Amino acid sequence: MADLRQFHGPNAGYVLDAFERFTHDPESVDETWRAYFADFTPTEPAAPVAGGATVEQALAARSLAEAIRTRGHTAARVNPLRPPPNPDPMLRPESHGTGESEETRRLREVYCGTAGYEFEHIFSAEERAWLRDAVESRRFAPPLSAEGKRALLARLSEVEGFEKFLHKAFFGQKRFSIEGTDMLVPMLDEAIQVGGAAEVVIGMAHRGRLNVLTHVLGKPYSTMIGGFQGTAKPDPVPADPEALGPSGDVKYHMGWRRKEESVSVTLAPNPSHLEFVNPVVIGMARAAQDDTGHAGAPALDPARALPVLVHGDTAFPGQGVVAESFNLSRVPGYQVGGTLHIIANNQIGFTTDPEESRSTRYSSDLAKGFEVPVVHVNADDPEACLAAVRLACAYRSKFGRDFLIDLIGYRRWGHNEGDVPGFTQPRLYETISGHPTAREQWARTLADQGVVEPDEAEAMLRAVYGRMSEAQAALAAGVATHPPSANGARPDAPPETGVDADALTQINEALLGRPEGWTPNAQLEKLLQRRREALQEGKIDWGHAETLAFASLLYDGTPVRLTGQDAERGTFSHRHLVLHDPTTGAKLNPLQALTDTRAT
Ligand SMILES: Cc1ncc(C[n+]2csc(CCOP(=O)(O)OP(=O)(O)O)c2C)c(N)n1
């Protein structure tokens, strides 16, 4: 008869793991272990005695607590369809030679619930401590008020009702339904509300996009339904100013803008190429954050705009542009004070299971290399999903860095609504077909809590159907129309871009001025100062012409932004927009030194 007290720390975990394998299949462990396990009963050692604990017991308790904090996510119930696979054996008290205590039970509630946290890859001790305290104090997860709970049910009813209406009215037409990750919409609502930014710029692919366009961006039901009615063209909806681009692309690639007094929300138009919109969205946010309406260097205020990127769980690890964008996220020229990333994780890519498309446990693992905090959250727990957004926004405000929420749900239908997922994932889809929707589960919770009457929840769903049916009827009766087309609004002739010769001479002179005490590189300065004669003689080279053009734009009030490797000097040593003092290393940007320009 043996018990676990002979083993300590990781050894105990290893033995338990081997024992578990042995109980399922004795052949899976070697002969020595088989003989040992034949007479082995793992017993739980006694919990440390409060106050009278030995140093060893205290250390063991601490080591278990630490394991829960760091590895608790492996046991968290973040997948709505199945229990966590392979929880880390170090989460067992026996692995540390200790027992469960009040403290470890409390930590398990925090770290092994419907959200799983990964913070240990972050180098900054201050950030790690802040994140731990934030989740353990639950200060971003206060229970919703009864009013908040009802509002959330109403929102989930809109999300689900929209998809169900389209499913019935336009059966088999592609819409890339959100169903299974329905919480994405309330999460985006929350980010817009608590993110504190006057501008929110969102990038996302096809999945759930029509729902987001309608509910988060405010694209009218009639415009959306109009897009489904004519099937001859890919998108019969004419372009309108809010669509941010001409029509012609499919409806689930279109952009839209919602402008309100307190906030402007933009969904960037998206190409079919997955994740390619990411750097565009980050650039749009940066443009909104940079104050360029004055001379000198631009003033960056990351609080002004919040970029939000919604990723697919297969595209996120699969597309190189994701890593490329992360790589630039902390480089000064590209910083935006943190992007909020949400993986709309439906656990499948077209017909491909995760095991066939990535080499990591989580879809989000790439982000860890860039020290991005990660929260995995169960898409069936609305309150946990909103808490994750609040934590993410608070972290961004405090540290100005990216945050990732891995929203784990499922995909109710095929990749699109014409696909039969049972051809390739029969067992998964058997599970999904019997799985209640997030709205149904939330309605039941609220009915149990006495917050809504059972038939009230159904009425909320019916109301959405009613509104959509009315919009469809109005379209049919010709009462509702699409906004007029903005196509063809291009200018006939190219604009006048010439600059007066005297003005150019003055600009040239200003660019060749050097501040008091600033020493130029002699070799380069000789070349640059020749630009005085070059202008008179009409021998302007490429770099010279470009610099004059940039300066004239700044005088006109048009900001110029140039980024990329070698952008300052120019790949062929032709540009030299930033000069370096050889004695002090100080930089001089003559364009930003112009004092009377109207832009930077
Ligand atoms: C660069 C690129 N490769 C392939 C495709 C084709 N494609 C469109 S959706 C899709 C599956 C994406 O899966 P996931 O990222 O998990 O998103 P989901 O559709 O499941 O929401 C593929 C392969 C594409 N549009 N772009």
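This is a short talk on a predicted protein model with a ligand, from its overall build down to a few single residues.

Okay, hi everyone. Some ground rules before we start. The model is predicted, so local features need pLDDT of at least 70 and side-chain atom pairs count only at pLDDT 80 or more, while totals for chains, interfaces and linings use all residues. Residues are numbered from 1 along each chain as its sequence is written, and side-chain values use heavy atoms, with hydrogens and water left out.

Let's begin with the whole thing. The protein has 21 helices and 12 strands. Those words refer to DSSP runs, numbered from the N terminus: H or I of at least four residues for a helix, E of at least two for a strand. The C-alpha trace spans about 100 × 75 × 45 Å along its principal axes.

How much of the protein is buried? Of its 600 residues, 48% are. By "buried" I mean under 20% relative accessible area; exposed is over 50%, and partly exposed is in between, using a 1.4 Å probe and protein chains only. As for the outside, the protein exposes about 28,800 Å², and carbon and sulfur atoms supply 54% of that. Those areas come from the Shrake-Rupley method with a 1.4 Å probe, and for residues only the protein chains shown count as cover.

Now, contacts. A contact is heavy atoms within 4.5 Å. If you take contacts between residues at least 6 apart in sequence, 74% of them join residues at least 24 apart.

On to the ligand. There are 15 residues around it, and the closest are His206, Ser272, Thr314, Ala315 and Ile348. "Around" here means having a heavy atom within 4 Å of the ligand. Which atoms of the protein sit by the ligand's nitrogen and oxygen atoms? A ligand nitrogen is 2.9 Å from a polar backbone atom of Ser272. A ligand oxygen is 3.0 Å from an N or O atom in the side chain of Asp313, and an oxygen of the ligand is also 2.9 Å from a polar backbone atom of Ile348. On its own the ligand has 580 Å² of accessible area, and the protein covers 75% of that.

Next, helix H6, which runs from 146 to 169. Glu160 lies in this helix, and at 1% relative accessibility it counts as buried. What does the side chain of Glu160 make a polar contact with? The partner is the side chain of Thr437, at 2.8 Å. A polar contact is a pair of N or O atoms within 3.5 Å; within protein, one must be able to donate a hydrogen and the other to accept it, and residues adjacent in sequence count only if both atoms are side-chain atoms. Leaving out residues up to four places away in sequence, Glu160 touches Asp182, Thr437, Arg439, Glu440 and Leu461.

Gly161 is in H6 too, and it is buried at 0% relative accessible area. Its C-alpha is 9.9 Å from that of Arg439, although the two are 278 residues apart along the chain. Beyond neighbours within four places, Gly161 contacts Leu461, Val464, Tyr465 and Met468.

Something like that turns up in helix H15, residues 438-448, where we find Leu446. Leu446 is buried, with a relative accessible area of 0%. Ala146 is 300 residues away along the chain, yet the C-alpha atoms of Leu446 and Ala146 are 8.8 Å apart. Outside its four-place neighbourhood, Leu446 contacts Lys149, Arg150, Leu153, Val451 and Val452.

Now for some backbone angles. Most residues other than glycine have a negative phi. Phe176 has a positive phi of about 50 degrees, and it is not a glycine. You'll find Phe176 in the loop between H6 and helix H7 (184-194), and it is buried at 6%. His576, also not a glycine, has a positive phi near 50 degrees. Its loop runs between helix H20 (542-556) and strand S11 (579-580), and His576 is buried at 15%.

Back to H7 for a second. How many of the 11 residues of H7 are buried? Eight, so to speak of it as mostly covered is fair; Leu184, Met187 and Ile192 are among them. After H7 comes Gly196, with a positive phi near 75 degrees.

Last stop, Ser364, in the loop between strand S8 (340-345) and strand S9 (374-378). Ser364 is buried at 0% relative accessibility, and its contacts beyond four places in sequence include Phe316, Ile343 and Asp406. That's it from me, thanks!
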